[in-house]
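Trainee: I should like to request a close look at a single part of this structure. Please treat it in one connected account.

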Amino acid sequence: MKQGKVYLIGAGPGDPELLTLKGKRCLEEADVIVGDYLADKRLLRYARPDAEYVYVGKKAGCHTMKQHEISLLLAEKGKEGKIVARLKGGDPFVFGRGGEEIEVLREAGVPFEEVPGVTSAIAAPAYAGIPVTHRGVAASFAVITGHEDPNKDRSSIHWDKLAGGVDTLIFLMGVGHTALIASQLMKYGKSADTPAAFVRWGTRPYQETYTTTLGKAAEDVVKMGIKPPAAFVVGNVVKLREKMRWFDNRPLFGKRIIVTRSRSQASRLVTVLDQKGAETLEIPTIAIRDPSDDFKGMDEALDRLEMYDWLIFTSQNGVDSFFRRLYQSGRDTRALGHMKIGAIGPATARQLTRHGLHADCVPAKYKAENLLSEMKPLLKGYEKVLIPRAKVARSVLPEGLRDLGCRVDVVEAYRTEADTAHKEELLDVLEHHGADIITFTSSSTVYNLMNQIDGRTDLLKGVTLACIGPITAATCRKYNLEPSIISDIYTIDGLVNAIEKGVEKK
Ligand code: SAH
């Protein structure tokens, strides 16, 4: 039988990019993933689709698995010959009870490895702009449990030495015990004026930071309603936040933005919004599917490629679908050697470069009219043009080319269909959590979102609608909704810039 193994993996504090490369590799290999409350769910994207997922963290109202039961579960899976990824928030050995799990695994004779992670004790302050050490300010730091039972006879925390001898103190699990922590530190000589901060859900897009002083901390926890999980940082380094803040002052920080594009198209928009600090929720309302004629039109066009003079792409999807079919038919890009290629905008042209092709004609601004006027001087007026594109699309381009004397064949390369798989999630977000912005990157995203909320535009009250261009905006107006952000450059970057400006104005 295959030898099992358990990897105790530090999942990092939340930002999925703070997972180590080794942690990622183990996660990719795993047959079983055992996840925690604090291990970010977004890491599951690295798991095999067929991997089993067991959640053992706490969740309001649900039974929490006891530590010993978790350890036994790991041992059992390991004995079954499984590769187990035990994902733990932060670092497994920093108040993560990783050691206890290893003791059980050792006893059971199950091989294991520990993969350290980025601990929230350092990363949460870092993302709040607070370095735990700094030349001239702090030469030492300590990470301390804030969870010690206050009724314990003798504390195992050396309050006197910490208060007097360590510059930066970071308490984990301490929110509920702030009064005790602060009074102990002050009792042993830390000044009530010492700067302090709570960093809640550090490194995540909804991170919250509250600055206070040691003397006021207990009162502020109550007043500001601070809840776990938070790291409580005490020391003069907290003052550095004023200068070193970088994460929570990015332009879209704190904005929850719904992306309605199809999953296959969304990634770039999501990446750019994330980088600007937004919390993006990918809730596709449309999906890209194979053409309704099952590629009949496209295959016929591929059979007579040599007769075309121009090949024009009006979307990245068109490029993807065309080349997939071209390769499947046993051809390669040499079959296009005699043709000129047009792309409707820079993103479509970029997609072509993935196939080693440079478009001969790309208007700076994404719009059919612009492509037409750019192509005009290049045409003699008798060219044969092939346009593989979506089933439903505007007729400006083919008609304009025909007016110029060209013979134009439009073939269906793909079609967009409503994606209703995320309807419940969409309603849940709008009804219970709210969103700041919804992005619409085509009219079909508008139609399909409206269908999914059954026309309940009241759910969109207070939500800013951001459209990629005037056509999409006009579609919103059909529902009596006025988008307050309309990009005048009809690309993803254009849209993101418009959102940034719109947010700034508010
Ligand atoms: N092993 C973890 C700590 C587990 S103890 C680590 O190395 O980070 C749980 C405590 O960690 C929480 O109560 C909270 O104090 C802290 N914590 C975990 N993730 C956090 C985050 N993203 N932001 C702030 N504090 C966090």
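How much area is buried between domain 3 and domain 4, and what percentage of it do carbon and sulfur atoms give?

Mentor: The model is a predicted one, and the account is best begun with the layout of the chain. The protein chain is divided into domain 1 (5-117), domain 2 (122-244), domain 3 (256-285 + 419-505) and domain 4 (296-417). Domain 3 is thus written as two segments, 256-285 and 419-505, while domain 4 covers 296-417. Taken over C-alpha atoms, the centres of domain 3 and domain 4 are separated by 28 Å. Domain 3 brings 9 residues to the contact, and domain 4 brings 8 residues.

To your question: about 760 Å² is buried between domain 3 and domain 4, and carbon and sulfur atoms give 54% of that area. On the side of domain 3 that touches domain 4, the residues divide into 2 nonpolar, 4 polar and 3 charged. Although 3 charged residues lie on that side of domain 3, the rule finds 0 salt bridges across the interface of domain 3 and domain 4. Across this interface, 1 residue pair is found in polar contact, with both residues at pLDDT 80 or more.

The cysteines complete the picture. The structure holds 0 disulfides. Cys406 is in no disulfide, and the nearest cysteine sulfur, that of Cys361, is 12 Å away. Cys406 counts as buried because its relative accessibility is 6%, the limit being under 20%. For Cys467, the closest cysteine sulfur is in Cys476, at 3.6 Å. A disulfide requires sulfur atoms within 2.5 Å, so the sulfur of Cys467 is too far from that of Cys476 for a bond. Cys467 is also buried, with a relative accessible area of 0%.

Technical notes: Residues are numbered from 1 along each chain as its sequence is written. This is a predicted model: local features need pLDDT of at least 70, side-chain atom pairs count only at pLDDT 80 or more; totals for chains, interfaces and linings use all residues. Side-chain values use heavy atoms; hydrogens and water are left out. Domain bounds come from an automatic or database domain assignment. Contact means heavy atoms within 4.5 Å. Buried area is the accessible area (1.4 Å probe) that two parts lose on being put together, summed over both. A salt bridge is a side-chain nitrogen of Lys or Arg within 4 Å of a carboxyl oxygen of Asp or Glu. A polar contact is a pair of N or O atoms within 3.5 Å; within protein, one must be able to donate a hydrogen and the other to accept it, and residues adjacent in sequence count only if both atoms are side-chain atoms. Ala, Val, Leu, Ile, Met, Phe, Trp, Tyr, Cys and Pro count as nonpolar, Asp, Glu, Lys and Arg as charged, and the others, Gly among them, as polar. Buried means under 20% relative accessible area, exposed over 50%, partly exposed in between (1.4 Å probe, protein chains only).
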